[in-house]
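Reader: I am new to this structure and would like a close look at a single part of it. Could you take me slowly through one sheet and what surrounds it?

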Amino acid sequence: MHKYYLTHLQELESEAIYIIREVVAQFDRPAILFSGGKDSIVVTHLAKKAFWPAKIPMPLIHIDTGHNFPETMEFRDKLVENLGVQLIVGSVQESIDKGRAVEESGINASRNELQIVTLLDSIESHKIDAAIGGARRDEEKARAKERFFSHRDEFGQWDPKNQRPELWNIFNGRKRMGEHFRVFPISNWTEMDIWNYILQENIAIPSLYFAHQRDAVYRDNTWLPASEFLQLREGETIENKLMRFRTLGDITITGGIESDADTLEKIVAEVSATRSTERGNRSDDKRSDTSMEDRKKQGYF
Amino acid sequence: MGPNARSEKHTTTMELLRFTTAGSVDDGKSTLIGRLLYDSKSIFEDQMEAVKQSSERKGLQHVDLSLLTDGLRSEREQGITIDVAYRYFATPKRKFIIADTPGHIQYTRNMVTGASTANLALVLIDVRKGVVEQTCRHSFIASLLKIPHIIVCVNKMDLVDYSEEAFNKVVEQYEAFAAKIDVKDIRFVPMSALAGDNVVNDSENMPWYKGESLLHTLETIHIASDENHSDARFPVQTVIRPHADEYHDYRGYAGRIAGGIFKPGDKITVLPSGLTSVIKSIDTYSGPVEEAFAPMSVSITLEDDIDVSRGDMIVKDDSEPQVSQDLDAMICWMATRGPRPGAKYHLKTTTREVMSIIKEVYYKLDINTLEKQEENTDIKMNEMVKIRLRTTQPVVFDEYRKNRITGSLILVDESTNETVAAGTFL
Ligand SMILES: Nc1nc2c(ncn2[C@@H]2O[C@H](COP(=O)(O)OP(=O)(O)O)[C@@H](O)[C@H]2O)c(=O)[nH]1
Ligand SMILES: [Mg+2]
């Protein structure tokens, strides 16, 4: 007899497609939060599959910190063109110029937290009622508590202690005016699943994920890329390294690892042998034990 | 498990197993999960380092693996699990999703949530305490939510000198109780979550135990046949209509198969309308498929241009679900306040949503003893109640024991938008 079962990647894919379709069915103005990183690329790929042969019936939103890897921006523009979808850009620089956000100062300054203001403003001004994100529960302990359909009050805030129960595959997207939802279709995926899926589907990703030569400085156990925004501290020197990135975000806080993995196969092999989490290279998570929970409550991705 | 447990390279054959865990406080649930993650190499060095530091700050002698799973500030402060936490690990054979749920009676709703999607439940028992109230409660919930498999983990065997007699006593106790519940597959594993006996590796301390370690059981237990492959069910989520010339007349019904097997050429009925047609194609982005089964997400096109929209269910003629406006259900009340008199609720089941009211409360189920209480029927949080609902529109459903997807529902309060109850059709 034929055996009717799906592999774990097929089942995760099917679950994510189901959730993305629920969003489009239940909300008036959904959007996909697109960072240019692998997780949001996978979400976008899943959305393409979910509505084929129609186009993705919602825009992509990119929150632009102004501190970007040029490769990410090129990649984003090409992807949007290929998909034929609308791109909405929320600019952190604009939020600062308008006085909506205040630039951090000091040696650990970053625009990571400022993104919250720009993100919430973009959601409000485009009247987005559901923002689909690529966060995964295995990334971080506060994220392990997220629902697939995560309710946000009119201030865009998350109340982790008062979340709606979520059972079977029934999702409650009901809300009042001014409230919105964050939806996480790949909640149940691990970093390993993402890479195996990118390999299986042969999904295009920015060149930054593959090993390349780059100028970088070693700081806080990670290789921070040299850029116009990087200021050297005492005793630091720039070195040219064969390296790659495991996650992509704001160029000022995204550290890379030394690696010679220049193909998807090699990346999968490298990730499966790695002994530290991908966010281990993100200085934003190192601020405290509950820094992700605190940022998420305010409205972070 | 060898040192390469985490290399998930053989992805083409890996299955997904979702399981839930619950037990009383201090039975060792967090320690067990920590060990499964640690021994299967799913905990990274920086996570381990963070847990070590937190443990030291709290003045603990040992590394408290429960800090890995208790993620919210309030949970870490109080040292208890409040909400459902999802954890992931994989071996070359399977990927696992753990729904870690709190065991207190005031968190019954979280247990129900974790159990709703699980293929298997781990029930922890402290060998020194034996079967206690929470053991029964968790097992009842597993049975009410039709989790097909239970593994009873008889923990802390190191504290009773790994005694076979002590283990057998607990097994006897549990079996006496299990006669009351409806779970077909129950197994027992004696273990020490702390020392690692029979969790991942076979124990040298219990040569009398001839069974498999917990992880081995999790990796090999047969789950493919748990899905319903006989009654074809396809709840329509949305209609796909491309605005491009080459697909001008394309009308695809998008959804996830909830049961049975669909093939092009199959005669189908759309419910509740009763309109009929024949499947023209079953499409996916990667191309059309010859057959589709649960839980695949696909798009179905039909030979005839009939009215089908979100909330409808496409079924095959050989076995039709029920269609009714008067529904009996067993619900778990999830909101802090009980139902207001005459309140209206959005009833959501599969992709369908209708208005409903609670017509009658038949009885309350004592979740510790499974006794029916017919006298006191005002509903409070965490209570299990059998009710009759009346809806404004017909609902298409199956008995929950036949299909966990088409047999489940939630109630959403019309005024607060909160999910106030979760239920199973009887
Ligand atoms: N001796 C012994 N102690 C254990 C075992 N499993 C857990 N413990 C201890 O029991 C206490 C409670 O464990 P924990 O995992 O937090 O229990 P939970 O409340 O069920 O999550 C902790 O001090 C553990 O170290 C075991 O197998 N043997
Ligand atoms: Mg615990």
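Author: **The sheet of chain A**

In chain A, an open sheet of 6 strands follows the order β3-β2-β1-β4-β6-β5, and its pairing is mixed; strands here are DSSP runs of E of at least two residues, and helices are runs of H or I of at least four, numbered from the N terminus, while two strands pair if DSSP finds at least two bridges between them. Because β3 (87–91) and β5 (149–152) of chain A stand at the edges with a single partner strand each, one side of each has no neighbour in the sheet. This is a predicted model, in which local features need pLDDT of at least 70, side-chain atom pairs count only at pLDDT 80 or more, and totals for chains, interfaces and linings use all residues. Residues are numbered from 1 along each chain as its sequence is written, chains are lettered from A and ligands numbered from 1 in the order in which they are written, and side-chain values use heavy atoms, leaving out hydrogens and water.

Strand β1 (residues 30–33) of chain A runs parallel to β2 (residues 60–64) of chain A, joined by 2 bridges, and A:L33 stands opposite A:I61 in β2(A). Helix α2 (residues 38–51) of chain A packs on the sheet, touching β1, β2 and β4 (130–132) of chain A, where contact means heavy atoms within 4.5 Å.

At the edge strand β5 of chain A, A:F149 is buried, with a relative accessible area of 3% (buried means under 20%, exposed over 50%, partly exposed in between, with a 1.4 Å probe and protein chains only). A:F27 also counts as buried, at 5% relative accessibility.

Methods
Axes are lines fitted to C-alpha atoms, for helices over the stretch in contact, and angles run from 0 to 180 degrees between N-to-C directions.
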